[in-house]
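Reader: I should like a close look at one part of this model, followed outward into its surroundings. Please state each criterion where it is first applied.

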Amino acid sequence: MMMRGADQSFGAENEVSRYVRRANLTAEVLFRGKWKLQILCAMRSGPVRLGQLARIVPGASKKMLTQNLRQLEADGIVVRKDMSDLVLHIEYELAESTREGVCALLDHLAKWGGLQFGKLGNDKK
């Protein structure tokens, strides 16, 4: 009987461990670095070009934005679309397979932040 309780505890510990690993991996992929959260928020409403992104995310150089976009692309979060014919035209957007989940997560973070830190305009910085 005591052995069974230990097995149940071990199973619960494994479940917590798996949960923590998944949460850590998600946070690392989506939020690692200074600019990823802002890039993802900018893509919520649709595709963006690098120049647009540079205006939306003040303080980030095009080099840093490009590095972050490449990481997000490698992780399968963002899709790069080359729409060039005669003129260079590259757009980045959330991958179809991740759009819903990423947008839901961002919405939840914004809502939680509003509740936790006060109404907009009074947010802690």
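Author: Helices and strands are taken here as DSSP runs, with H or I over at least four residues for a helix and E over at least two for a strand, numbered from the N terminus. On that basis Val57 is placed in the loop between H3 and H4. The model is a predicted one, in which local features need pLDDT of at least 70 and side-chain atom pairs count only at pLDDT 80 or more, while totals for chains, interfaces and linings use all residues. Residues are numbered from 1 along each chain as its sequence is written, and side-chain values use heavy atoms, with hydrogens and water left out.

Val57 counts as buried because its relative accessibility is 1%; buried means under 20% relative accessible area, exposed over 50%, and partly exposed in between, with a 1.4 Å probe and protein chains only. Apart from neighbours within four places in sequence, Val57 is in contact (heavy atoms within 4.5 Å) with Trp35, Gln38 and Leu65. Cys41 lies 16 residues from Val57 along the chain, and their C-alpha atoms are separated by 9.8 Å.

Trp35 leads on to a second buried position. Asn68, in helix H4 (residues 62-74), is buried because its relative accessible area is 5%. Residues up to four places away in sequence aside, Asn68 touches Trp35 as well as Arg32, Lys36 and Ile39. Within its own helix, the side chain of Asn68 reaches the backbone oxygen of Met64 at 2.7 Å. That is a polar contact, meaning a pair of N or O atoms within 3.5 Å; within protein, one atom must be able to donate a hydrogen and the other to accept it, and residues adjacent in sequence count only if both atoms are side-chain atoms.

The charged side chains come next. Side chains of opposite charge can pair when their charged atoms come close. A salt bridge requires a side-chain nitrogen of Lys or Arg within 4 Å of a carboxyl oxygen of Asp or Glu, and this rule gives a count of 7. In one of them the side chains of Arg44 and Asp107 meet, N to O, at 2.6 Å. Arg44 belongs to the loop between helix H2 (36-42) and helix H3 (50-56), and Asp107 to helix H5 (residues 96-117), so this pair ties together parts 63 residues apart in sequence. Arg44 is partly exposed, at a relative accessible area of 36%, and Asp107 is likewise partly exposed, at 39%.

Another salt bridge joins Glu93 and Lys81, again with 2.6 Å from N to O. It links distant parts of the chain, with Glu93 in strand E2 (residues 90-94) and Lys81 in strand E1 (residues 78-82), 12 residues apart. Glu93 counts as buried because its relative accessibility is 14%, whereas Lys81 is partly exposed at 38%. Shared partners also join Glu15, Arg18 and Arg22 into one network of salt bridges. Within it, the closest N and O atoms of Arg22 and Glu15 are 3.9 Å apart. Arg22 is partly exposed, with a relative accessible area of 45%, as is Glu15, at 39%.

Glu91 presents another case in strand E2. Glu91 is buried yet has no salt bridge, and the nearest side chain of opposite charge, that of Arg49, is 5.8 Å away; Lys and Arg count as positive and Asp and Glu as negative, with His and the chain ends not counted. The side chain of Glu91 does make a polar contact of 3.2 Å with that of His89. Beyond neighbours within four places in sequence, the contacts of Glu91 include Pro47, Val48, Arg49 and Lys81.

These details belong to a chain of 5 helices and 2 strands, which run α-α-α-α-β-β-α from the N terminus. Of its 125 residues, 25% are buried. Among contacts between residues at least 6 apart in sequence, 48% join residues at least 24 apart. The accessible surface comes to about 9300 Å², with 57% belonging to carbon and sulfur atoms; areas follow the Shrake-Rupley method with a 1.4 Å probe, and for residues only the protein chains shown count as cover.
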